[in-house]
Amino acid sequence: MKKILLLGSGELGKEFVIAAQRLGQTVVACDKYAGAPAMQVADAFEVFDMLDGDALAAAVAKHRPDIIVPEIEAIRTERLYDFERAGVQVAPSARAVNFTMNRKAIRDLAAKELGLKTARYFYATSLEELQQAAAKIGFPCVVKPLMSSSGKGQSLVKAPEELEHAWQYGCEGSRGDIRELIVEEFIRFDSEITLLTVTQKNGPTLFCPPIGHVQKGGDYRESFQSPHVAPEHLAEAQRMAAAVTEALTGAGLWGVEFFLSHDNGVYFSELSPRPHDTGMVTLAGTQNLNEFELHLRAVLGIPIPAVTFERLGASAVILSPVATQTPHYEGVGEAVAEDPRTDIRIFGKPVARVNRRMGVVVGYEPLGSDLDALRDRVKAAAAKVKVTE
Ligand SMILES: Nc1ncnc2c1ncn2[C@@H]1O[C@H](COP(=O)(O)OP(=O)(O)OP(=O)(O)O)[C@@H](O)[C@H]1O
Ligand SMILES: [Mg+2]
């Protein structure tokens, strides 16, 4: 039995802990606020700012975990190298977690070292540099902080006069105080997918069926498994996912994001070295093992002979329209009443903020069914749930 220190205790962490509990592991869930979703199901918890390297080291010294499993990006990831050197396993590896917390490190690795196709991009450390870079890329372009998540600080810039606002907004949306942004070519993709990829300690790299998703404001609204993807595009995405996960090293499940274009093929976008929010669709039983069970098995070194595709699935998020310290949920019964293949997860976040993700509805149908109808059904069910004060 292993002791796992989970860094980040949101809804993805909660499902990971449930998977770990089912295999008899011990989990200490960490986050910067008490009562976080994963803490509710863990063996123990710690509340501290994980960007504080000393606080992180203190938690490691106190609990002496066998494995550190990061669930979010906002972690003092440089310290993970020290823990790894001291013999603590970091999932998937300190290098993977450190590289992916900063868009610069991962983008340069993917585009320059591995030669993967990405949107054209430049970095900018001032408004002037941003203007020069945008002029080279053309409009529209996408401006993002180097460190942020869930679309924070991101803007689609349609004309030069919007760059000043994009610069300000990007700097404000940056984690920490780095004043450097990335500006990317806007890809007119036909669809985007997450390819959940599993690297194993003693076994081949496995790919889950691709997950299609729809984002609004850089945040995921619905996901579905599996949309039709041209076989040559899927093969190309798998090749890229294998290359980038191999370069980052380690064992675990990764969410690798791609843009797909009929005309221009497959673009690598970014990746998370851990379960992906769009992968919550696997909670609908789409696969033999959901993404959290896959991550756990890979991290523990328990063999995964194969990932099998069992049924079509869809997920739709429940966002809070209000800010409140006492969130209530109306319409849960109505949401699941109509269809026996619809289920819901309420994450149990202690506090709601406007547009904070508070739950998700998942549903499934047999393979070969109408995926669009399933998506509509799951979205309609999610729309019945209202977060109130
Ligand atoms: N260059 C681009 N061209 C077109 N659309 C883009 C581009 N970059 C980002 N987007 C859109 O914005 C969404 C969010 O961007 P991205 O995945 O880079 O950041 P993020 O999701 O905020 O980061 P994280 O996944 O770490 O939370 C993408 O899924 C895509 O829909
Ligand atoms: Mg993303």
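**Exercise 1. The magnesium site**

Find which protein atoms hold the magnesium ion (ligand 2) in this predicted model, and how far from the ion they lie.

*Solution.* Start at the ion and list its protein donors: they are Glu-257 (OE), Glu-257 (OE) and Glu-270 (OE), at 2.0 to 2.7 Å. Next, place the two residues on the chain. Glu-257 belongs to strand E14 (residues 252–261) and Glu-270 to strand E15 (residues 265–272), so the pair links distant parts of the chain, 13 residues apart. Then look at the geometry: the six donor atoms make angles of 50 to 159 degrees. Six donors count as octahedral only if opposite donors are over 155 degrees apart and all others between 65 and 115. The site of the magnesium ion (ligand 2) is irregular.

**Exercise 2. Buried or partly exposed?**

Decide for Glu-257 and for Glu-270 whether each is buried or partly exposed.

*Solution.* The cut-off to use is 20% relative accessible area, with buried meaning under that value. Glu-257 has 11%, so this residue is buried. Glu-270 has 24%, so it counts as partly exposed.

**Exercise 3. Ring pairs**

How many aromatic pairs does a search of the whole structure find, and how are the rings of Phe-258 and Phe-268 arranged?

*Solution.* The search gives three aromatic pairs. One of them joins Tyr-121 and Tyr-123, edge-to-face, at 5.6 Å centre to centre and with 65 degrees between the planes. Tyr-121 and Tyr-123 are both buried. Now turn to Phe-258 and Phe-268: their centres are 6.2 Å apart and their planes stand at 75 degrees, so this pair is edge-to-face. Since Phe-258 lies in strand E14 and Phe-268 in strand E15, the pair ties together parts ten residues apart in sequence. Phe-258 and Phe-268 are buried.

**Exercise 4. A four-stranded sheet**

Work out which strands stand at the edges of the open sheet of four strands.

*Solution.* Write down the strand order first: E6-E9-E7-E8, with antiparallel pairing. Strands E6 (121–124) and E8 (155–157) each have a single partner strand and stand at the edges, so each has one side without a neighbour in the sheet. On average, neighbouring strands are turned by 25 degrees against each other, direction ignored. Now go inside the sheet: E7 (residues 141–145) and E9 (residues 181–185) run antiparallel and are joined by five bridges. To locate one bridge, take Pro-145, whose partner in E9 is Leu-181. Finally, add the helix: H5 (residues 103–113) lies across E6, E7 and E9, and runs at about 150 degrees to E6.

Technical notes:
Residues numbered from 1 in each chain as written. Chains lettered and ligands numbered in written order. Predicted model: local features only at pLDDT ≥ 70, side-chain atom pairs only at ≥ 80, totals over all residues. Heavy atoms only, no water. Pairing = 2+ DSSP bridges. Helix = DSSP H or I, 4+ residues; strand = E, 2+ residues; numbered from the N terminus. Axes fitted to C-alpha atoms, helices over the stretch in contact; angles between N-to-C directions. Contact = heavy atoms within 4.5 Å. Donors = N, O, S within 2.8 Å, 3.2 Å for Na, K, Ca; no water. Tetrahedral: all angles 85-135°; square planar, octahedral: opposite > 155°, others 65-115°. Buried < 20%, exposed > 50% of the residue type's maximum accessible area, 1.4 Å probe, protein only. Phe/Tyr/Trp six-rings, centres within 6.5 Å; stacked < 30°, edge-to-face > 60°.
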